[in-house]
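Me: I should like a close look at a single part of this protein, namely the surroundings of its bound ligand. Please set that part in the context of the whole chain and describe it in connected prose.

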Amino acid sequence: MELFEAIHTRRSIRKYQDREVPFDLIKKILAAAMMAPSTGDARTWHFILVTDPDKKARIREVHPYVKMVTKAPLGILVCGDLSREKFPGFWPQDCSAAMQNLLLAAHASGLGAVWTGIHPIEDRITRFKEIFDLPDHIHPLGLAVIGWPAQERTAEERYTEECIHHNRWQDRASTGI
Ligand SMILES: Cc1cc2nc3c(=O)[nH]c(=O)nc-3n(C[C@H](O)[C@H](O)[C@H](O)COP(=O)(O)O)c2cc1C
């Protein structure tokens with residue numbers, strides 16, 4: 001799938017077929033995630049593959065908006081490694097860039113995925129750290145829930161002229177673009 005097509009047709013998918021995702025494809029998606037830009041090229045990310053039904057059930061208990069995980073073949077927990085940071089405080093941006101690459105690569109491969117948020121909600125961070133035995137310097141950013149889609153979602157146009165400004169903050173009426 002061509003890049004602009006992937007960007008414009010990706011939607012969050014929350015219903016999945018009962019079918020595994022082959023490990024070779026998971027690796028391909030993770031390789032795409034790891035091509036993301038990062039501050040000082042620090043590559044602060046780690047990825048935890050979640051396939052264990054018990055872990056999925058525990059996730060569902062601690063996160064109110066992730067019930068789809070128990071029906072998905074795969075979750076990928078994207079974590080930031082604070083010990084690798086070259087510019088402190090930027091790990092969520094590194095890991096978000098990786099997450100977005102991951103979602104686009106999944107979509108371009110025919111998979112469906114949804115980003116479920118963890119950081120910066122303290123309670124969720126604590127609970128995910130417990131579930132996955134994360135050491136102090138590893139912080140969970142979000143969980144991508146992934147599978148072969150069992151729902152169709154249409155692309156929607158989101159281009160919004162009002163969000164575009166020219167050289168300084170200004171009302172749309174005066175941008176001249
Ligand atoms: C940081 C972040 C956290 C999100 N958390 C959740 C979540 O917990 N559960 C969920 O179902 N969707 C979650 N989403 C998905 C958004 O609801 C979704 O991206 C948005 O509604 C736009 O729809 P689209 O992804 O189909 O374009 C999250 C998205 C982002 C970027």
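Reply:

**The ligand site and its setting**

The protein chain holds five helices and four strands. Read from the N terminus, these elements follow the order α-α-β-α-β-α-β-α-β. The model is a predicted one. Along the principal axes, the C-alpha atoms of the protein chain fill a box of roughly 55 × 40 × 30 Å. Of the 177 residues in the protein chain, 42% are buried. The accessible surface of the chain amounts to about 10300 Å², and carbon and sulfur atoms account for 54% of that surface. Among contacts between residues at least 6 apart in sequence, 79% join residues at least 24 apart.

With that setting in place, the ligand can be considered. There are 13 residues around the ligand, and those that come nearest are R11, S12, R14, W115 and R158. By character, the shell around the ligand divides into four nonpolar, four polar and five charged residues. Several distances between polar atoms can be given. A polar atom in the side chain of R11 lies 2.8 Å from an oxygen atom of the ligand. In the case of W115 the backbone is involved: one of its polar backbone atoms is 2.9 Å from a nitrogen atom of the ligand. For R153, an N or O atom of the side chain is 3.4 Å from an oxygen atom of the ligand. On its own the ligand has 620 Å² of accessible area, of which the protein covers 64%.

One of the residues that come nearest to the ligand is S12. S12 is placed in the loop between α1 (3-9) and α2 (23-33). Its relative accessible area is 18%, which is under the 20% limit, so S12 counts as buried. Setting aside residues up to four places away in sequence, S12 touches A113, V114, Q151 and R153. R153 thus appears twice in this account, as a contact of S12 and as a residue with a side-chain atom 3.4 Å from a ligand oxygen.

W115 leads from the ligand towards strand β4. Among the residues that G142 touches is W115, and G142 itself is found in strand β4. G142 has a relative accessibility of 0% and is therefore buried. Besides W115, its contacts beyond four places in sequence include I76, L77, V78, M99, T116 and I118. The C-alpha atoms of G142 and L77 are separated by 6.0 Å, although the two residues are 65 apart along the chain.

L77 and V78 also connect this region with strand β1, as both are in contact with H46. H46 is found in β1 (residues 45-50) and, at 29% relative accessibility, counts as partly exposed. Its contacts, leaving aside neighbours within four places in sequence, also include C79, D81, R84 and I138. Two of these partners make polar contacts through their side chains: D81 with H46 at 3.1 Å, and R84 with H46 at 3.1 Å.

Helix α5 (residues 122-131) has R124, I125, F128, K129 and I131 as buried residues. Viewed down the axis of α5, these buried residues fall within an arc of 160°, so they line one face of the helix. The cover over them includes α3 (53-62), β2 (74-81), β3 (112-117) and β4 (138-147).

The backbone on either side of α5 has features worth checking. Most residues other than glycine have a negative phi, and most peptide bonds are trans. In the loop between β3 and α5 lies P120, and a cis peptide bond, with omega of about 10°, joins H119 and P120. Just after α5, D133 takes a positive phi of about 55°, although D133 is not a glycine. D133 lies in the loop between α5 and β4 and, with 62% relative accessibility, counts as exposed. A positive phi, of about 70°, is also found at N167, again not a glycine. N167 belongs to the segment after β4 and is exposed, with a relative accessible area of 79%.

Conventions: Residues numbered from 1 in each chain as written. Predicted model: local features only at pLDDT ≥ 70, side-chain atom pairs only at ≥ 80, totals over all residues. Heavy atoms only, no water. Buried < 20%, exposed > 50% of the residue type's maximum accessible area, 1.4 Å probe, protein only. Helix = DSSP H or I, 4+ residues; strand = E, 2+ residues; numbered from the N terminus. Arc of directions from axis to C-beta. Contact = heavy atoms within 4.5 Å. Near = heavy atom within 4 Å. Polar contact = N/O pair within 3.5 Å; in protein donor to acceptor, adjacent residues only side chain to side chain. Areas by Shrake-Rupley, 256 points an atom, 1.4 Å probe, with all protein chains shown as cover. Nonpolar A, V, L, I, M, F, W, Y, C, P; charged D, E, K, R; others polar.
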